[in-house]
Amino acid sequence: MASQIALHLKEKEGWERSDFPILCESCLGDNPYVRMTRTDFDKECKICTRPFTVFRWRPGSDARYKKTEVCQTCAKVKNVCQTCLLDLEFGLPVQVRDAAMKTQSLVPVSEANREYFAELANRQIANGETPYQREEPSAMIQRLARTAPYYKRNRAHICSFFVKGECKRGTQCPFRHEMPETGELAVQNIKDRYYGTNDPVANKILKRGETMHKITPPVDPDITTLFVGNVNPAIISEDDLRSTFYIYGDLRSIRMSPHQQCAFIMFTTRAGAEHAAEALHGRLSIKGLPLRLAWGRSPAMAPNQFNAAPDPSLPPPPPPTTVPGGGVSAPGLSFLFPKATSFSAAPPVASDSSPALSESTVSSESSIEPEEKTQQQEQQPTTQGKQGKQNKAYYPSTDPSAFGTNIA
């Protein structure tokens, strides 16, 4: 009975008692069967200094033990994790979230106002209301948001003996054998993280977000086309794109590709395209859907399989050389023709429509020896007969007799 009265008095004074913590997925770990220890009124909240229920657990076999740092009332006011104090929805620091969404959640810093504010927040929570007012996320915060858990944050602390060069446990040491980082990230304050002021991690993320907004126009001044990606044709129409881009300059055409979910916006002037690119890059969002904006490429820079540049890693092909008889040698095609690597013009074929043979040709034929002339006359009827039937040039590769078979 006495313990129940004491518990009632503690809760009346504002002490917080809870059955389960408010944690993000990264702090909770990848083990679904994690075990926790709970201790009522074990520590003071590092923000409002009120005693609260502390939970302690180990998120992984190679991770360090973690515990809750702030009470649930302070966590619900800012919609943050009780351990890492990052936003529960986007995984970003409070300073980045408020700057991206252009909101400001004021929390009193003085002790008297802080207790009064915490009491009002407890009344709102008891009535089923949420102290943190959610707003529609902007395109910038959706681009900076962390989409997957970051379990690297749960690693063990750095071994202080290793830093001094005195650790003798080797691989059995439960701490990390690494040198600590130096610079702005080495000094972090939990209150600065919660209030969103002078947070080095937030400053680093905001600088990265500013560089993502920069877009470099192409060198070719004739390019006036912008590429828009992630265009869902079921949600975004051509009229939506026109109403978004026409304010930056006159539009020549809008071409949508439903299969690839993209669109090409062509302006009449280069100045209008540059104005739209600078104003909308990294901020383009239509009907709540964030879109990707980039410059289009000129037709000369488009990949073409017929005009592709040669691979510099491959050796250059050997140059063709001329051979006697008017032919051209092809060393690179020797694997196709192992016995001969030179090609010459096909011999002239006599036909009815062809002109009469010249005297030089007749004299050359009369100069053939009798034995060679007899063999040539025996081969000519077969060749000329086939050529007469087909009425086209003779090629040895199409002659069946060249393959050792006689076809009737």
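Modeller: Before we start, a helix here is a DSSP run of H or I with at least four residues, and helices are numbered from the N terminus. Keep in mind too that this is a predicted model.

Biologist: Fine. In the loop between which two helices does cysteine 173 lie?

Modeller: Go to the stretch that follows residues 160–164 and comes before residues 190–195. Those two runs are helices, and cysteine 173 sits in the loop between them. The helices are H7 and H8.

Biologist: Is cysteine 173 buried or exposed?

Modeller: The cut-off for buried is under 20% relative accessible area. Cysteine 173 has a relative accessibility of 10%, so this residue counts as buried.

Biologist: What is cysteine 173 in contact with, leaving aside its neighbours within four places in sequence?

Modeller: Phenylalanine 162 is 11 residues away along the chain, with 9.7 Å between its C-alpha atom and that of cysteine 173. Contact is a matter of heavy atoms within 4.5 Å. Once the sequence neighbours are set aside, the contacts of cysteine 173 are Cys159 and Cys167.

Biologist: Let's move to the sheet. In what order do its four strands come?

Modeller: The sheet is open and its pairing is antiparallel. E5 and E9 have a single partner strand each, so they stand at the edges with one side lacking a neighbour in the sheet. Direction ignored, neighbouring strands are turned by 20° against each other on average. Read across, the order is E5-E6-E4-E9.

Biologist: Which residue in E6 is the bridge partner of serine 253?

Modeller: E5 and E6 run antiparallel and are joined by six bridges. In one of the E6 positions, serine 253 finds its bridge partner, methionine 266.

Biologist: At about what angle does the direction of H10 stand to that of E5?

Modeller: H10 packs on the sheet and touches E4, E5, E6 and E9. Its buried residues are Asp240, Leu241, Thr244 and Phe245. They fall within an arc of 115° seen down the axis, so they line one face of H10. Against E5, the direction of H10 makes about 140°.

Biologist: And H11: within what arc do its buried residues fall, seen down the axis?

Modeller: The buried set is Arg270, Gly272, Ala273, Ala276, Ala277 and Leu280. On the other side, Ala271 and Glu278 are exposed. The buried ones line one face of the helix, because they fall within an arc of 165°.

Biologist: What covers that buried set of H11?

Modeller: H11 lies across E4, E6 and E9, and runs at about 145° to E9. The cover for its buried residues includes those strands and a helix, residues 238–245. That helix is H10.

Biologist: Which residue caps the N-terminal end of H11?

Modeller: At the far end, H11 is followed by glycine 282, with a positive phi near 80°. At the N-terminal end, the backbone nitrogen of glycine 272 has a side-chain oxygen 3.3 Å away. That oxygen belongs to the cap, threonine 269.

Biologist: Last one: what share of the 408 residues is buried?

Modeller: The protein has 13 helices and 12 strands. Its accessible surface comes to about 28000 Å², with 53% of that on carbon and sulfur atoms. Of the 408 residues, the buried share is 30%.

Methods
Residues numbered from 1 in each chain as written. Predicted model: local features only at pLDDT ≥ 70, side-chain atom pairs only at ≥ 80, totals over all residues. Heavy atoms only, no water. Buried < 20%, exposed > 50% of the residue type's maximum accessible area, 1.4 Å probe, protein only. Areas by Shrake-Rupley, 256 points an atom, 1.4 Å probe, with all protein chains shown as cover. Arc of directions from axis to C-beta. Polar contact = N/O pair within 3.5 Å; in protein donor to acceptor, adjacent residues only side chain to side chain. Pairing = 2+ DSSP bridges. Axes fitted to C-alpha atoms, helices over the stretch in contact; angles between N-to-C directions.
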